[in-house]
Amino acid sequence: MNFDTLQSPLDFLQHQLGGIAHEQALRIYESSWEEEGKAISASIDRNGTPWLRMFDPLGKRIDEILLPQEYWKLVKNGYKTGAVWRVFEENSLLTSYLQGYITSFYDPGLYCPHTVSLATAVSIEKYGTETLKQCFLSQLLKKDDTVSQGATWMTEIKGGSDLGSNTETLATLRKDKWFINGEKYFCSNVQAEMALVAARIEGSQKNVRGLALFLVPKVCQDGNLNYNIRRIKNKIATRSVATGEIELRDSEAYLLGRPEMGIYLIMEVLNISRVANSMASMALAQRALYDAWCFARQRHAFAKPIIEHGLLQQQFTDRFRQLRGGFTLGWEAAKMLDDVWRETPPYSERYHLFRLLAHLSKYWSAEFAVQTAKWAIEVYGGIGVLKEYGVERWLREAMILQIWEGTPHRQILDGLEVMERKGAHILLFDYLQDRTSKTTLKTMRNRVEVHLKLPKTEKEAKSEALFSDLALFTMNALTPKP
Ligand SMILES: Cc1cc2nc3c(=O)[nH]c(=O)nc-3n(C[C@H](O)[C@H](O)[C@H](O)COP(=O)(O)OP(=O)(O)OC[C@H]3O[C@@H](n4cnc5c(N)ncnc54)[C@H](O)[C@@H]3O)c2cc1C
């Protein structure tokens, strides 16, 4: 195994995928991170929570996020390279995901603005009116410094897992215009020029069927702020994206799609970000593994570099293999999403198969990132827990990757649901039948089928071991044999 390839995210991607489209643009992008992005990112992380300037000197409410000037250069460089516009020019998500992998190797938090802006653009393009596209989509697709950003705000104070019961933000139609009232509790990329917001249509049922998705611009038609930022969250990591709380008070909003389809549109937003999260998790794991390897080659114990001790060497080898497997699983989800992202309900079977793959990948990759970051600290020994050497950062970042876009519990339970309701496991086993032995496939298939017949409480209680094994089984089947 050539650990040197871990130094560069693009080298790793090339090794995994063979030829890569737009290699030169991605190489320039990676170099910009090496040359200055890395240092900027480290200083943003050290500086902690950005400032919220709520008023201008004359007392007008402005809600401006104060991040260092170099930050804007970094984030905009991502847009210019093609995090959003390239998807529409090429009708493909794949290069954007590769770019996201590179971003996340250096700073997983900074990939968030790119991802949520992409999800915003896709939703407007699929479900917005021509006027919305002209006013807003065009701003998100710009290739220069004037590019606008998007955001995706669903979660409220009562909780993000159960959006159906916990969304209290209300949308009201008055004289053919929608207005939104409520509060959103976790709003990443809070300074964005526009956001997708989940709200309950006034008078609708209090479950997921009552949710609709709206585009809410930061500024109203009269030029005033359309909502306020109450405060910025003081987070342990992902400090390269400001996350805040939002107060919506009669905020102007534009309905996307039909109101009763809202939950499907919300799921489509999550599809994009869950695959992005898988890319980010594997990139973070690569970074942690690489940092640990550099250290282990230089650190001596018992008369030789620690990397030469059998136990540690085996751990490195195993993690490298798992990194490759996890990336393969995530990339399969990305490729399958690339086949289905333009679908609208009712969806194809392939869409349901994609959903299962995405749940497996998000669940497995985020856990792998956390475990690899924790292990990298161990490799550094005592130095690992010192903030000045930076390896502890990967664990802080990884903990957030595990939670946003749905916790591990959510991935497991939603994975069970898509198997039960859409037969996604049958689609998966059909899809993998030529890639694994008949016996292994039959054993796994029997396990899943027996599990799905358990009473509800027992089925949920015992689901983690099954889901974890299904992820490993899928990964092994997809990984090319040496
Ligand atoms: C840094 C950061 C940025 C974020 N940015 C955004 C954003 O931009 N937009 C946005 O909409 N959200 C955002 N979120 C919110 C995130 O999506 C939620 O935190 C996440 O979905 C979990 O919701 P919760 O925190 O409310 O936990 P809860 O839903 O309250 O859950 C608490 C715990 O209970 C578990 N649980 C819940 N139900 C079950 C069940 N049936 N079975 C077993 N366990 C269960 C959960 O898995 C979790 O472990 C962000 C979160 C963080 C940390």
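Here are two short exercises on the ligand shell and the largest cavity of this structure, each with a worked solution.

The model is predicted, with pLDDT of at least 70 needed for local features and 80 or more for side-chain atom pairs, while totals for chains, interfaces and linings use all residues. Residues count from 1 along each chain as its sequence is written, and side-chain values use heavy atoms, leaving out hydrogens and water.

**Exercise 1.** Work out which residues come nearest to the ligand and where its polar contacts fall.

*Solution.* Start with the shell (a heavy atom within 4 Å of the ligand). There are 19 residues in it, and Thr155, Gly160, Ser161, Thr407 and His409 come nearest.

Next, look for polar contacts (here, pairs of N or O atoms within 3.5 Å). One ligand oxygen is 2.6 Å from a polar backbone atom of Gly160. A ligand oxygen also lies 2.6 Å from an N or O atom in the Ser161 side chain. On the nitrogen side, a ligand atom sits 2.8 Å from a polar backbone atom of Thr152.

**Exercise 2.** Find the volume of the largest cavity and explain why it lies between two domains.

*Solution.* A cavity here is a set of points on a 1 Å grid over the protein atoms alone where a 1.4 Å probe fits but cannot get out, and lining residues have an atom within 4 Å of a point. Volume is the space filled by probe spheres set on the points, which are joined across faces, edges and corners.

The largest cavity comes out at about 110 Å³. Of its 15 lining residues, Val122, Lys126, Glu268, Ile272 and Trp341 are closest to the centre. Finally, domain 1 (3-140) and domain 3 (263-478) both give residues to the lining, so the cavity lies between them; the bounds come from an automatic or database domain assignment.

Terms used. A polar contact is a pair of N or O atoms within 3.5 Å; within protein, one must be able to donate a hydrogen and the other to accept it, and residues adjacent in sequence count only if both atoms are side-chain atoms. On a 1 Å grid over the protein atoms alone, a cavity is a set of points where a 1.4 Å probe fits but cannot get out, and a pocket is an open set with protein on both sides within 12 Å along at least five of seven lines; lining residues have an atom within 4 Å of a point.
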